[in-house]
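Colleague: I am new to reading protein models, and I would like to learn how the words are earned. Could we go through one together?

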Amino acid sequence: MKTFVLVLVAAMCTSVFGVGDNLYVNMTLLKNATAQGAVCLDGSPPAYYLHSGFDSGLSNWIIFLQGGGWCESISDCEGRKTTDKGSSKYMNNQTNFLGILHNTTKQNPDFYNWNRVWINYCDGSSFTGDIDEVDPEKKLYFRGARIFKAILDDLWSQGMQNAKNAILSGTSAGGLATILNCDKFKSFFSGDVKVKCVANAGFFINANTVSGTPNIHKKFQQVVDLHGSIKNLPPSCTSAMEPSLCFFPQNVISFIETPLFIINSAYDAWQINNTLVPSNLDPQHIWEHCKVRISDCTLSQRTTIKAFGTEFLKAFDGLTPCITRGYFITSCLTHAQIVTPEYWLSTSSLRILNKTIAEVVGDWYFDRTGFHQYMDSYPCAKDC
């Protein structure tokens with residue numbers, strides 16, 4: 001079995017305000033990116049947050065890609081224009097860096113003094129879209145891939161060109177973006193830079209709903225078509241199968257050459273709620289409580305969820321063997337983030353073989369151990 005991690009690194013000066021364990025970092029609005037057409041759905045400039053590294057971490061970078069789903073239709077994308085997922089006009093001036101982005105050894109022992117960057121997600125395509133034409137009526141821009149490149153170019157000029165270590169990471173749609181952009185990220189650096197990727201909660205599988213319909217495949221197909229994503233998916237994959245299938249990690253990972261680590265639940269809460277049992281297929285709300293707390297599920301519902309988990313794990317069987325991949329797969333009904341200390345590293349964090357996610361990722365990145373497979377059994381001992 002194989003898994004991948006993708007982390008990206010960057011650097012730049014910014015004001016920081018810390019209170020206790022909180023680390024508030026100011027937003028950088030990349031206004032000059034508009035000249036390259038690198039804009040959010042509404043045409044506003046992209047943005048990111050950077051906390052600069054220090055001491056031994058000055059030449060090391062982590063880039064985190066924010067999640068937030070996808071928009072697969074004009075009306076859906078138009079709705080995002082009035083939120084921070086479609087416009088920098090609605091983004092917070094500051095964000096709190098925690099977990100893998102924190103600056104203390106307590107929360108982040110291996111990467112605390114690296115340059116740490118959070119890239120805001122405002123394109124709705126996991127940073128893959130690139131269409132020159134602007135929707136004439138709704139004035140929508142599909143430029144996710146340009147945003148990714150423009151921000152990396154800016155970070156490059158801020159010091160990332162001197163990187164010795166780099167990680168590209170992300171959660172949910174950002175975790176998928178990490179997988180899809182992993183090799184592209186690696187291409188920014190020379191061969192002597194240690195580059196790896198860490199994808200959290202981004203391993204979305206091509207599974208049918210409880211009614212047997214391929215809803216998630218249809219959704220991804222619409223995303224790829226609307227945003228023109230095909231040109232930014234690995235060509236080795238798109239030449240082998242229908243392009244939208246390359247939006248699924250189970251199909252595209254075997255074509256990725258950069259070391260990759262996957263952190264996921266086999267019973268991912270987003271996928272249970274949207275891939276397996278979307279709300280439109282549960283008009284009587286029979287699944288409402290079960291989808292929130294697995295202990296509230298009936299025996300039949302647990303059986304259905306367990307079958308989904310089995311299908312999730314089978315998706316790994318199709319991946320080509322690769323000794324540079326790793327994975328941390330839990331059995332909790334969760335869609336967690338490595339930018340939360342409770343999930344990344346705390347006294348109550350999930351553990352497999354007595355290892356937290358932070359410990360496993362650190363061991364994997366620095367090649368401290370050759371054991372890269374961490375799998376929890378079903379069912380989870382408690383609701384997570």
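Modeller: Gladly; we will take the whole protein, then its cysteines, then a pair of helices. Keep in mind that this is a predicted model.

Colleague: What makes the protein as compact as a globular protein of that length?

Modeller: We set one value against a rule. The protein has 11 helices and 12 strands. Its radius of gyration is 20 Å, and the globule rule gives 21 Å for 384 residues, so the protein is as compact as a globular protein of that length. Along the principal axes, the C-alpha trace spans about 55 × 55 × 45 Å. Buried residues make up 58% of the 384 residues.

Colleague: Thanks! Now the cysteines: why is the link between C40 and C122 called a disulfide?

Modeller: A disulfide is a covalent bond between the sulfur atoms of two cysteines. The cut-off is 2.5 Å between the sulfurs, and those of C40 and C122 are 2.1 Å apart, so the pair counts as a disulfide. The structure holds five disulfides, and this is one of them.

Colleague: Which parts of the chain does the pair of C40 and C122 link?

Modeller: Distant ones: C40 sits in the loop between β3 (22–29) and β4 (47–51), while C122 sits in the loop between β7 (115–119) and α2 (144–157), 82 residues apart.

Colleague: How do you know whether C40 is buried or exposed?

Modeller: Buried means under 20% relative accessible area. C40 has 0%, so C40 is buried. C122 is also at 0% relative accessibility, and therefore counts as buried.

Colleague: What decides whether the disulfide of C40 and C122 is left-handed or right-handed?

Modeller: Look at the torsion about the S-S bond. For C40 and C122 it is about -75°, so this disulfide is left-handed. For C182 and C197 the torsion is about 100°, so that disulfide is right-handed. The latter pair joins helix α4 (residues 182–186), which holds C182, to strand β9 (residues 194–200), which holds C197, 15 residues apart.

Colleague: And how do you know that C290 and C297 form a disulfide?

Modeller: Their sulfur atoms are 1.9 Å apart, within the 2.5 Å cut-off, so the pair qualifies. With 85° about the S-S bond, the link is right-handed. Both C290 and C297 are buried.

Colleague: Why is C322 too far from the closest cysteine sulfur for a bond?

Modeller: The closest cysteine sulfur belongs to C182, and the sulfur of C322 is 10 Å from it. A disulfide needs the sulfurs within 2.5 Å, so these two do not form one.

Colleague: Why is C322 called partly exposed?

Modeller: Its relative accessible area is 27%. Partly exposed covers the range between the 20% limit for buried and the 50% limit for exposed, so C322 gets that name.

Colleague: One last topic. Why are helices α8 and α9 called roughly perpendicular?

Modeller: The axes of α8 (residues 269–276) and α9 (residues 299–317) come within 12 Å and cross at roughly 105°. Angles of 65 to 115 degrees count as roughly perpendicular, so α8 is roughly perpendicular to α9.

Colleague: Which residues make the contact of α8 and α9?

Modeller: Helix α8 brings Q271, I272, T275 and L276, and helix α9 brings T304, I305, F308 and F312. Sorted by type, the residues of this contact are five nonpolar, three polar and no charged.

Methods: Residues numbered from 1 in each chain as written. Predicted model: local features only at pLDDT ≥ 70, side-chain atom pairs only at ≥ 80, totals over all residues. Heavy atoms only, no water. Helix = DSSP H or I, 4+ residues; strand = E, 2+ residues; numbered from the N terminus. Buried < 20%, exposed > 50% of the residue type's maximum accessible area, 1.4 Å probe, protein only. Axes fitted to C-alpha atoms, helices over the stretch in contact; angles between N-to-C directions. Parallel < 35°, antiparallel > 145°, perpendicular 65-115°, else oblique. Contact = heavy atoms within 4.5 Å. Nonpolar A, V, L, I, M, F, W, Y, C, P; charged D, E, K, R; others polar. Rg over C-alpha atoms; globule rule 2.2 N^0.38 Å.
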